Amino acid sequence: MSESNAKGSTPENLAGQALSGAAGCGRIPVFQPHIGVDTLKAVVDAFSLGWLGMGSITREFEEAVGCFLGLKDRHVVATNTGTSALQLALAVGGIGPGDEVIVPSFNFVADQQAITALGAEPVFCDIRDDNLGIDCAKAEPLISPKTRAIMPLHYSGIPCDLEGVYSLASRHGLRVIEDATHAFGTAVGGKRIGSFGDLACFSFDPVKVVTSIDGGAVVVQDAKDVERLHHMRLLGIDRDTIERYKNKRAWEYDVVGQGFRYHLSNINASIGLSQLRRADEFISNRQSHCRAYNGYLAKTRGVITPRTDFTDISPFIYYIRVLNGARASVMEHLRTNGIDCGIHFKPVHRYTFYKHCRKGDLSVTERVAGEVMTLPLHSLMGQEVVARIASKVIEALG
Ligand SMILES: *Cc1c(COP(=O)(O)O)cnc(C)c1O
């Protein structure tokens, strides 16, 4: 960590060097994937195996993800993106044409696209002011005879109100598809998200805490669901997955249903595996950066910081809320000082394609969407970089 410089690149972070070159000298990007020589070696080894597509390394990655999450009687099915994981989870949960899924509008559009890809309809729900996760009290009145599922997001890595979600789901017979793409490694009551509950989905896209460049995973309880997921993941083909896990192909097979081409290659899995070996290190670094940010900014007037000390949280982004309409000027001040920042999220109900969807009162979403900004958070960044970014936020408000 002491080796990292303002660009967030280290002598061994090859992606960091390439990216800071692309971003222009000295700028601090919002995201900075950490790709070390360990990852490059893993890729070279995977190429040497001579089986590039889905294969034994994919299987190994699924097992390692299961191990990391502390799964006992549950199974991991790896996919080529987090979005395809969400779509397959909805499909295996029985969601289809005409069904409604309650989902926060304060979200990345991947969730809504996964819903509409299956011919189902998103119903937009508000979030809570304290954790920016779904507001279960506001979700309940949105339930209609068509409602089949609820799809909460653990925004930024902080758990949503899971007790509320599961009690609502059991009272109304809904499936729960947890969007845990921000929360790989977050634990609730000592158990990592995905190791309990109904269905959970993860993403290993380029900017997530652990990356396989692109990738995702669904966690399911039922062995029957694993088989269905294997079929759907590979064009509805019934027998090939077992063969491919042995780096072979089935030449005789049947096609048993609608399927997609959503499987994860050996090469991507090898990257994911190498990253997973460093997940605990990445997470604890990110926790300490987030704590430092909170330390600098929690008492700053006009700013709301996340209400957590980040214990048991795997932080994907570090966000703050800037009050009194000052966000644009804070963002501008950071940018002119070489610090990139982002906005997660513009609410999905405002996009053209989703304007017609049913929605409840979204007053917290509307307010928070005008306040949130994302500060740079990297798995390897110097404490002095965090201090400098925080000081620029304070300066902008001063
Ligand atoms: C990253 C992400 C996804 C989807 O993941 P991809 O791997 O990019 O397809 C879904 N929802 C949210 C909130 C995300 O941040």
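## A tour that starts at the ligand

Begin by selecting the ligand and the 16 residues that surround it; Gly82, Thr83, His182, Ser203 and Lys208 are the closest. A residue belongs to this shell if one of its heavy atoms lies within 4 Å of the ligand. You are looking at a predicted model, in which local features need pLDDT of at least 70 and side-chain atom pairs count only at pLDDT 80 or more, while totals for chains, interfaces and linings use all residues. Residues are numbered from 1 along each chain as its sequence is written, and side-chain values use heavy atoms, with hydrogens and water left out.

**Stop 1: the pocket**

If you can display pockets, turn on the largest one: the ligand sits there. A pocket here is an open set of points on a 1 Å grid over the protein atoms alone, with protein on both sides within 12 Å along at least five of seven lines; a cavity, in contrast, is a set of points where a 1.4 Å probe fits but cannot get out, and lining residues have an atom within 4 Å of a point. A molecule sits in a pocket if more than half of its atoms lie within 2 Å of its grid points.

Now colour helix H4 (82-92) and helix H5 (110-117), since each supplies at least two residues of the shell around the ligand. H4 gives the largest share, three residues. Helices (H or I, at least four residues) and strands (E, at least two) are DSSP runs, numbered from the N terminus.

**Stop 2: polar partners of the ligand**

Show the side chains of Asp111, Thr181 and His182, one after another. At Asp111, a side-chain N or O atom is 3.1 Å from a nitrogen atom of the ligand. At Thr181, the distance from a polar side-chain atom to a ligand nitrogen is 3.4 Å. At His182, a side-chain N or O atom is 2.7 Å from an oxygen atom of the ligand. Taken alone, the ligand exposes 380 Å², and the protein buries 92% of that. Accessible areas come from the Shrake-Rupley method with a 1.4 Å probe, and for residues only the protein chains shown count as cover.

Stay with Thr181 for a moment. Thr181 is in the loop between strand S5 (175-179) and strand S6 (187-188). Is Thr181 buried or exposed? Thr181 counts as buried, at 11% relative accessibility. Buried means under 20% relative accessible area, exposed means over 50%, and partly exposed lies in between (1.4 Å probe, protein chains only). Add Asp179 to the view: its side chain makes a polar contact of 2.5 Å with the side chain of Thr181. A polar contact is a pair of N or O atoms within 3.5 Å; within protein, one must be able to donate a hydrogen and the other to accept it, and residues adjacent in sequence count only if both atoms are side-chain atoms.

**Stop 3: the cysteines**

How many disulfides does a search of the whole structure find? The search finds zero. A disulfide is a pair of cysteine sulfur atoms within 2.5 Å.

Select Cys201, whose closest cysteine sulfur, in Cys160, is 13 Å away, so the two are too far apart for a bond. Cys201 is buried, with 0% relative accessibility. Then select Cys357: its closest cysteine sulfur is in Cys125, 14 Å away, which is also too far for a bond. Cys357 is buried as well, at 4% relative accessible area.

Return to Cys160, which is in the loop between strand S4 (147-150) and helix H7 (162-172). Cys160 is buried too, at 6% relative accessibility.

**Stop 4: backbone details**

In the loop between S4 and H7, pick Ser156. Ser156 has a positive phi of about 70° although it is not a glycine, and it is buried at 2% relative accessible area.

Next, go to Leu235, in the loop between helix H8 (223-233) and helix H9 (240-244). Leu235 is not a glycine, yet its phi is positive, about 55°. Leu235 is partly exposed, with a relative accessible area of 43%.

Finally, find Phe345 in the loop between helix H12 (327-336) and helix H13 (363-369). Which kind of peptide bond joins His344 and Phe345? The bond is cis, with omega about 10°.

**Last stop: two pairs to measure yourself**

Draw a C-alpha to C-alpha distance from Ala169, in helix H7, to Ile150: the two are 19 residues apart in sequence and 7.4 Å apart in space. Then do likewise for Asn131 and Tyr155, which are 24 residues apart along the chain, with their C-alpha atoms separated by 7.6 Å.
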